[in-house]
Amino acid sequence: MTIDQVRQKVAERGVHARKLREVLSLLSEDWHPLAELVRLPAVPRRTVQDLLKALGDDVESSGDRYRIAPGAVASYRSEFGIPGVRDHTDVLRQILVDIADVPPPLSSLDHVQATAETALNRAVWLDSTYELAGKRLLCLGDHDLTSLAVAAVNPHVSITVVDLDERLLEFIDSRAQSRGLDIRTLHCDMRFGLPASVLESFDLVFSDPPYTPEGMGLFAGRAVEALADIAAGRLLLAYGFSDRTPALGLKVQQELQKLGLVFEAILPAFHRFDGAQAIGSAADLYVCRPTGRRAVSGGTRIYTHGAQSVESSGPSKEALSALSELAPRPESSPPPKPRAAGWAEPVGKGAASLAVDLSADPGPWLLRTLLASSPARLACLVPNNHPAVSSAAGQQELQSLVRTRFALKFLRNNPDSKTTIVVADQVLAGTLSVGERVVREILLKAHGKLRNVWREALIGGSSGLLTKNQAREIVDSAGIADEDLELRLIDLPKHRIAAVLTAAEDSAKYLEAPTPSA
């Protein structure tokens, strides 16, 4: 059937199919010359001609004018109709409530809150420019809650948010779950690589990165890595610079061009902020088209404020010396040289001790380092105001998460008075219950697929009495979302890690009772 051929043409355009829908909408209204079918929706002439060919007998022509045959108009409007202008007043009210409730911005992560109107404008622009239904959108960082706004405008798009801020991930998770929105969250520090499940998976990527050249280049590079189709994929980036510092704007644009990005459009002052007055409280929307994939590299200093800023000098020599001394190697060998942060792969495997400089930790690095490391002793240098160190509640929460793997000590009396050393000593498996040993095995293999690691931990805990099918059945019935079981533990937000570990310990009750049937 002709309409099937048109449907295939539209599907082939993927996220860019909306412009073909606009051509079909024009053809269903009245006669239009070919020039108008090209100009009004801004579609190449060859693309319009291919669509007219696919329409076959369903299109009528009169000289250079075309229209869909009156008898077929209803079918095409039903199949390919474009929604009219909607009133988004209720969505705006909802965004205002969400912004009022979102965890406070962190200056160390260059958070500046976008206005509710900006979040809504982003969502409406995306929905009116691209074919979002059935497509995948990735938000690299999302303190502005763009994900919730897009899902409210178009609930048929699948959205993933990756962010460093554990508070934000839990907030978005909670709102999305209560509203039944297709939004999932993952923990990620872009400096150490995207989660494997995110790579080459998305149609569009949106990000409002740190506005340093280093930050813009890093986030844009990660965005390219996340696109499923380089030819069809697009990056939507927020960036602004003061008209008093055009050289900085040039440097950022050069960083983007090094990645092979073409600027399809730059919409001036599209984003507005409550703050960021140095750049006029506004930023442009960059619509970028990649021309290939390039390796992404860079350091950890990508922000404009705090210990992770480009100008930061790092910890004192005295603090690093104290860190090394607390992680001595056996038999009087020299203490280890402090390593920089990073947990893309397991670190310290087989080492007797490991020292890690986390003095620039914005909060999540310490837990991720404990998950990624496997020495007998681990010493980490963190700032005194670290959320897992500065209060008894923070210390207790961290210890509860890793209690089957490490016993923690918090040593605040350091030479520079600005840092704390967290010493993590290995917990011996023989002192643990069966359930705790299952949890310990999951922590030890935080880089493995959770379903497989958990299953093997149960089989090991049963001394091999459980079959793979029996163990899999226990895992699948533990109440953890199926999509989380397909991920690595280290990529989950902290609140979902806690839920997994609790469920894993509870699942060990089956090892002390009759096993389920295979």
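Trainee: Which strands does helix 2 lie across?
Mentor: Helix 2 (residues 18-29) lies across strand 1 and strand 3. Helix 2 runs at about 90° to strand 3. Helices (H or I, at least four residues) and strands (E, at least two) are DSSP runs, numbered from the N terminus. Axes are lines fitted to C-alpha atoms, for helices over the stretch in contact, and angles run from 0 to 180 degrees between N-to-C directions.

Trainee: What kind of model is this, and what are the ground rules?
Mentor: This is a predicted model: local features need pLDDT of at least 70, side-chain atom pairs count only at pLDDT 80 or more, and totals for chains, interfaces and linings use all residues. Residues are numbered from 1 along each chain as its sequence is written, and side-chain values use heavy atoms, with hydrogens and water left out.

Trainee: Where is confidence lowest and where is it highest?
Mentor: Lowest in strand 11 (residues 339-340), at a mean of 64. Highest in strand 7 (residues 204-207), at 98. The protein chain averages a pLDDT (the predictor's confidence in each residue, from 0 to 100) of 88. At least 70 is scored by 87% of the residues.

Trainee: Back to the sheet. What is the strand order?
Mentor: The order is 1-3-2, in an open sheet of three strands with antiparallel pairing. Two strands pair if DSSP finds at least two bridges between them. Strand 1 (32-33) and strand 2 (59-62) are the edges, each pairing on one side only.

Trainee: How many bridges join strand 2 to strand 3?
Mentor: Four, and strand 2 and strand 3 (residues 65-68) run antiparallel. V59 stands opposite I68 in strand 3.

Trainee: What about helix 2 and helix 5? At what angle do they pack?
Mentor: About 155°, with the axes of helix 2 and helix 5 (residues 73-80) 10 Å apart. That makes helix 2 roughly antiparallel to helix 5. Angles under 35 degrees count as roughly parallel, over 145 as roughly antiparallel, 65 to 115 as roughly perpendicular and the rest as oblique.

Trainee: Which residues meet there?
Mentor: R21, L24, S28 and E29 in helix 2 meet V73, Y76, R77, E79 and F80 in helix 5. Contact means heavy atoms within 4.5 Å.

Trainee: New topic. How do helix 9 and helix 19 cross?
Mentor: At roughly 75°. The axes of helix 9 (residues 166-179) and helix 19 (residues 494-507) come within 8 Å. Helix 9 and helix 19 are therefore roughly perpendicular.

Trainee: Which residues make that contact?
Mentor: E166, L169, E170 and D173 of helix 9, with K494, H495 and R496 of helix 19.
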